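Colleague: I have a new model open and would like to learn how to read it. Could you walk me through some features with me?

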Amino acid sequence: MNIFISKFNAFKTKINLKKCSIVFGSIIGCLIIIYLGLCFFTKGNAFITGTTINGIKVSDLTVDEAISALEKQYQEDIQDSNVILTIEDQEFTVNLQDNLTFDISDQVNKIADLSNNFLTRGYNFLFNRHYNVGATINDDELLATQITASGILNYNTLVKTSYEIQDNQIVFTKGTSGKTAETDSVAATIKQALKDYDFKNKISYEPVDHELKNEDEMNSLHKELANGAKNATLDKNNN
């Protein structure tokens, strides 16, 4: 009797596994059919259906029409070649005149080429059909000059340790750590915004943190005092 029950349970398990395999295979088969249908129906004119570049729907456009529309939008968005950086409530305008290139033909053609691959078309429709193509900087040295002209490099919340003479005594005032705007980080922020086509509105800039190092501060002050000690009062203003 026990042998019969064991054989019956084994047979039942085998049937259940077979049913599960059939159901699983059917689900996979349906998903494949749906995906292939998606690949078939998402081929647009030159781009995958629903494709956008810099917010412009291009799936009904040719490549040349898309490039023309993007260039027109760019000229409207980058008026006077200015980008505005903000630090908290302060604004700084960086004029990038004669230092920008918006050469997007290669990038747009690569996006269009994605429509030619039948098997990946469905994936790109689901997960990869919104793109940004941006402008690039021509000359980093000119960019540094343009950043300086904006006045943003004057931002500085770092307070250095200072001293003054009171009743023939040197009184020190301890400085505090802070943040400064620096050319390299400002340039990186501008380039990233241009690359992401995220410059139509104001660009938030995060200044660089600086930790005040007491040892360096004191060494600097000692040198200043030594160089400025031209009379008995050690007055740093030599009065």
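Colleague: Let me start with a strand pair. Which residue in β4 is the bridge partner of T86?

Modeller: It helps to read a pair of strands rung by rung. In this predicted model, T86 has E91 as its bridge partner in β4. Next along, L85 is matched with F92 of β4. These rungs belong to β3 (residues 82-87) and β4 (residues 90-95), which run antiparallel and are joined by six bridges.

Colleague: How many residues lie between β3 and β4 in the hairpin?

Modeller: Two residues separate β3 from β4 in this hairpin. Look at E88 in the turn, where phi is positive at about 55 degrees.

Colleague: And which strand pairs with β3 in the parallel sense?

Modeller: That is β11 (residues 203-204), which pairs with β3 over two bridges. L85 appears again here, standing opposite I203 in β11. So L85 has a bridge partner in β4, F92, and also faces a residue of β11. As a general idea for your viewer, side chains in a regular strand alternate between the two faces of the sheet.

Colleague: In what order do the three strands of the open sheet come?

Modeller: The order is β2-β1-β6, with mixed pairing. β2 (56-57) and β6 (130-131) are the edge strands: each has a single partner strand, so one side of each lacks a neighbour in the sheet. Between β1 (residues 52-53) and β2 the pairing is antiparallel, over two bridges. You can find that pair by looking for I53, which stands opposite I56 in β2.

Colleague: Now the surface. Which residues make the nonpolar surface patch?

Modeller: V23, F24, I27, I28, L31, I32, I34, L36, F40, F41, F118 and L119 make a patch of about 1200 Å². Helices α1 (2-41) and α4 (118-127) each supply at least two of its residues. The most comes from α1, with 10 residues.

Colleague: Is F41 buried or exposed?

Modeller: The way to decide is by relative accessible area, and over 50% counts as exposed. F41, which lies in helix α1, has a value of 65%, so F41 is exposed.

Colleague: What about a charged residue such as R121: where is R121 found?

Modeller: R121 is in helix α4. For a charged side chain, check burial and then look for an opposite charge. R121 is buried, yet has no salt bridge. The nearest side chain of opposite charge is D113, 11 Å away. Leaving aside residues up to four places away in sequence, R121 touches Y35, C39, F40, T42, K43, I48, S115 and N116. One of these, F40, is also part of the nonpolar patch.

Colleague: Let us zoom out. How many helices and strands are in the chain?

Modeller: The chain has seven helices and 12 strands. Of its 239 residues, 31% count as buried. The chain exposes about 15800 Å², with carbon and sulfur atoms supplying 53% of that area.

Colleague: And what share of the contacts with a separation of 6 or more comes from residues 24 or more positions apart?

Modeller: That share is 68% in this chain. The β3 and β11 pairing is a good place to look next, with L85 opposite I203.

Key:
Residues are numbered from 1 along each chain as its sequence is written. This is a predicted model: local features need pLDDT of at least 70, side-chain atom pairs count only at pLDDT 80 or more; totals for chains, interfaces and linings use all residues. Side-chain values use heavy atoms; hydrogens and water are left out. Patches are made of residues with over 30% relative accessible area and no salt bridge: like charges are joined within 9 Å, nonpolar side chains (Val, Leu, Ile, Met, Phe, Trp, Tyr) within 5 Å. Accessible areas come from the Shrake-Rupley method with a 1.4 Å probe; for residues, only the protein chains shown count as cover. A salt bridge is a side-chain nitrogen of Lys or Arg within 4 Å of a carboxyl oxygen of Asp or Glu. Helices (H or I, at least four residues) and strands (E, at least two) are DSSP runs, numbered from the N terminus. Buried means under 20% relative accessible area, exposed over 50%, partly exposed in between (1.4 Å probe, protein chains only). Two strands pair if DSSP finds at least two bridges between them. Contact means heavy atoms within 4.5 Å. Lys and Arg count as positive and Asp and Glu as negative; His and the chain ends are not counted.
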